[in-house]
Each structure stands twice: as structure tokens, then as C-alpha cells.
Amino acid sequence: MTDLPLDPIAIDVGDLLQRTVASLYSHLVTRPTGRAVRMAIETQLAEAGGRSLSLIDLSEVTILDFSCADEVVAKLLQKHQGDAGLEAIFVFRGVHEPHRDQIQVVLERQSLAVVAETGPGRFELLGARSPDEDLAWRYLEDQGFLGRDEAHALCGASDPVRAFEALSERGLAFRSPVTGRYHALSRLVEHLT
Amino acid sequence: MQVIPVPGSLDAQTVDALLDLVPPEGTAGRILFDARHVRWVDPNGMVGLVVAGTVARDRSDTLPRLELPESADVLSYLGRMAFFDSVAGVFEIEQRTPRRSGGTSDVLLEITPVQANSDVHEVVDRVQSRAGAILSSKLGYPGTSVVQFSVILSEVCQNIVEHADGPGWVAAQAYNWARRLGRWVVVIAVMDIGRGFRGSLAEEHSARYGDRWSDATALEAAFLHGLTRFPDSGRGQGIQQIRRQVQRWNGAITIRSGTARIGQVPEWDDTPPLVEGLAPFPGSQISIVLPAKEGGQT
């Protein structure tokens, strides 16, 4: 059995914006537009079925306002981080400097965090996180993956084991249900173009 | 006929005087807005005149008359800013109005009505092609500032759609404030004739304020604390983030609603942070002034 029972999918928000909201709208602004795009993403997730890892690509989006950042990023994460556990994990691609502030603000307001590709091959953790989570995420990002017995080796964290568990629970790392190994999300989506 | 003299210099600082003169509900007889002596007008003044005329029309049930400015420059500028398109059905104008010229290179955003989300998209689309060059060449802002500028416009216009429950207008223009500030500025004016901040927040929040509930406390609640009528915790960020971005650019933002005005102003502006006791007026008025970076173009 594979260590990774996930088949990552890529969702191009620029394409969704053009196809699902209105061909006239080229920017991700206004709450109804954001809501419509989020619903289109959720439809694709439902079609994928089961637990999923999705790469949400914002590369083609020029303008992203706070209302849309709240609908497309924060509310999407909130909806899939319910009490029943994570149904879906997300990585956001194309989070360029002009989008960064809007996403950071809406995530912090809702105590959420997300893994974002902010430049080619450069991944960052955006939003609210503890120092231990930040340390654990950087370590995992360097290593690519980590055996569950190796978590305690993280230096500088007050509770390293708990820090990796928290990353997994918050959708900031993937923990294999088969081996218990932690995987950096950046490595799991790197093959998606 | 009741005559309302329009201030000779019609901008954010004088538009209150115009709005305060609009007669109350049920006024009988014609109203004349005498703008013959207007020599200077900015987006706040233009949008204010549209709003004053609309309210006068609705209160008196008849079209008010507008005497046009005698200044050819002002008339031409009003034409370029689509003022005459905006006041069709608002004012009766006997004189010939100038045609809207094709030369819009110095106009950032003509007076644009905002009532639906599609209008917000149109505003953002329209400024994309013009704002970048103006923000970088006149204000010395970085190339990416066009995104933050568009986000500001999007959020202030959405404020009308989501909260005002009434029609609104937006306009923006770059000016050389040579005498006042010694720098270029971009002025954004947004006004609506909806229910105002107090009306929007009353049902959800007035009880906790008790006797203190007023236009001023409603403005403080939204402007300083991000309160909104929606229970959703993701709401109420728009004005907060506009304030933050305006502060980053060392700009000024003021909001008038009902009988009060609140503001966040930098050291170069002596506008008081809170003004109460203005004449009652429907809706809200948002004014944003973004100055050129110091050491930029003068």
C-alpha cells in the first residue's frame, strides 16, 4: 500500500473566474464573485471525491480584494476544517506580493493558516501560527518528509511532537494514515503544473 | 424659487456647506443650484453636487434647476468627468452642456454610478488602464500600487452595495496641490444616499450603546472597530484595511454619515478626527486623499 493515499489536483482560479462567474469579469473582486468561485472550487472537490489535496492557482488573478480573499481562501479553509476532521487540504500557488497582504489579513482574522507558493519554487506559511508550528513547518519543508518517530528531533520547539500534529490537523502538512509519516505539502504538489 | 449658492471652490472642505443648504423633506417650489461662480471643483465637489441635486429632487418632488459655471475650464472639466451624464434626470439645465471629449488622459475615474456588484467590477476594470501610470508618474508609488489602489476602490464601492441600500457614485482624479501641499495628490470621492452607517448598524448594535447611540458612535464602531451588521466574522475588514493602506501612503480618509464625520488624517491635514452636529443628510460620504511620496514630482 502506498504511503500517500492522495491524488493531488490543480484548480486554476483565473480559469474558473472566466468560466463560472462571468466572462466579463477579469478580477477577483466583490463578495458574490468570491462566493461563486469558491462554490466552483467546491464542485471540483466534490467531483474528485474523498480526501483531497488541491493546488489552488491564483497566478492569473491580477486584482484580489479583501472580500474575495475572505470568500476564496478563508471560507474555503474554514469549511474544510470542521469538527469531522480535514476533508481537503489546500496549497495556494501564485500568491504574488500584491495578493499577499489580503490573504494574510483574512487568515489572521480567522486564526487560519495556509501553505502558499509566493514565487517559483518558494513556499511560505501565511496566516496565524505559533512559533512551534512555524519552526516545525520550516523543518519539514527542508526535509520533505519526516517519520513520526523523528518528530521529537526538532530543536528549539517546546513540544515538537505536538507541533507536527498541529500542522497536520490544520492542513499545513500531510500525515500518512498508513505510516504516520509527515509530508511537506510543497513536495506533494510540485509535479502539478 | 429657493436659491442654493454653490461654493466657488467646491471640494471636500466646502461640500458640507452645499449639503447643509439642501431643503428638508416636503419643500414646496422649485430649487435653483446657482453654480455660476464655481471656479474650482474636485471629485468630492462634483459627486456632492450630484448627491445634493438628487436629494433636492427627491425631497421636493420636482427637478431642481442648475445654473452652470461661467468658467469654461470648469465646464470642460465637468464634461470630461461625465458630470452631465450623471445628472441627467437629476437637474434641469437650460444652457448647452459641453460634449464629453475623447481626451480623458488626465481623468482617473469619471463619475460612475454604483448600485450593484457589476458596477464595482466596472470601476476596477476602468481604473486598471489609467491608474498605474498616474500613481507611478505623479505620486511616485511603486508599480504594484495599482493593485492596492484598485482594492481600495473595490472595498469603498462595495460599502455602497452591501450596506447603503441606496444609489451611490464614485470619482477619482489626480491634482497638483502646489499651494496646499506642494505635491500631487489623488482624490477619491464616494457618496451614496442610502441609510448611512447608523441605519446599517442600528438593528445589530444600537442596543449595546444605549443612549450613546448616534451617527458618531456608529461611525466609530465601523471605522475604528470594524463592526458590521453581518454576524459573519469575516466581514467588516474593508474599511479597516482601507484605513491601513491609506496610512501607509501617508494619506487622509474621512467619512461623513448623517450628522457626523470621522477621519484618520496625517500631519499635513488639520481636519479634526471627529465632527458632530452637521446638518442631517442621508447616506454617507467617503473622501480619500493620497499624496505623492515626499521627494516625488511637485
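**Exercise 1.** In this predicted model, characterise the salt bridge between the side chains of Arg261(B) and Asp16(B).

*Solution.*
Step 1. The N to O distance for Arg261(B) and Asp16(B) is 2.7 Å, and the cut-off for a salt bridge is 4 Å.
Step 2. Arg261(B) belongs to strand 10 (residues 260-264) of chain B and Asp16(B) to helix 1 of chain B; with their positions 245 residues apart, the pair links distant parts of the chain.
Step 3. Burial is assigned under 20% relative accessible area. Arg261(B), at 10%, is therefore buried, and Asp16(B), at 11%, is likewise buried.

**Exercise 2.** Describe the interface between domain 1 and domain 2 of chain B.

*Solution.*
Step 1. Chain B is divided into domain 1 (1-103) and domain 2 (104-298), whose C-alpha centres lie 22 Å apart.
Step 2. On the domain 1 side 32 residues are in contact with 29 residues of domain 2.
Step 3. About 2,400 Å² is buried between the two domains, with carbon and sulfur atoms giving 61% of that area. Within domain 1, the greatest losses of area to domain 2 fall on Asn44(B), Val47(B) and Met81(B), which together account for 22% of what that side buries.
Step 4. The rule finds 3 salt bridges across this interface. Asp20(B) and Arg256(B) also form a salt bridge, their closest N and O atoms being 3.5 Å apart. The count of residue pairs in polar contact between the domains is 6.
Step 5. Several elements of chain B each supply at least two residues to the side of domain 1 that touches domain 2, among them helix 1 (15-20) and helix 3 (72-80). Helix 2 of chain B gives the most, with 12 residues.
Step 6. By class, that side of domain 1 has 17 nonpolar, 8 polar and 7 charged residues.

**Exercise 3.** Determine which acidic partners Arg38(A) engages, and place these pairs in their wider network.

*Solution.*
Step 1. Arg38(A) meets Glu42(A) in a salt bridge at 3.6 Å, N to O. The two are separated by about one helical turn because they stand 4 residues apart in helix 2 (residues 31-48) of chain A. Both residues are buried.
Step 2. Arg38(A) also forms a salt bridge with Glu71(A), where the closest N and O atoms are 2.7 Å apart. This pair connects helix 2 to helix 3 (residues 66-79) of chain A, across 33 residues.
Step 3. Relative accessibility is 11% for Arg38(A) and 2% for Glu71(A).
Step 4. Arg38(A), Glu42(A) and Glu71(A) are among the residues linked in a network of salt bridges, which also includes Lys75(A) and Asp232(B). Over all chains, the structure holds 30 salt bridges.

Terms used. Residues are numbered from 1 along each chain as its sequence is written. Chains are lettered from A and ligands numbered from 1 in the order in which they are written. This is a predicted model: local features need pLDDT of at least 70, side-chain atom pairs count only at pLDDT 80 or more; totals for chains, interfaces and linings use all residues. Side-chain values use heavy atoms; hydrogens and water are left out. Domain bounds come from an automatic or database domain assignment. Contact means heavy atoms within 4.5 Å. Buried area is the accessible area (1.4 Å probe) that two parts lose on being put together, summed over both. A polar contact is a pair of N or O atoms within 3.5 Å; within protein, one must be able to donate a hydrogen and the other to accept it, and residues adjacent in sequence count only if both atoms are side-chain atoms. Ala, Val, Leu, Ile, Met, Phe, Trp, Tyr, Cys and Pro count as nonpolar, Asp, Glu, Lys and Arg as charged, and the others, Gly among them, as polar. Buried means under 20% relative accessible area, exposed over 50%, partly exposed in between (1.4 Å probe, protein chains only).
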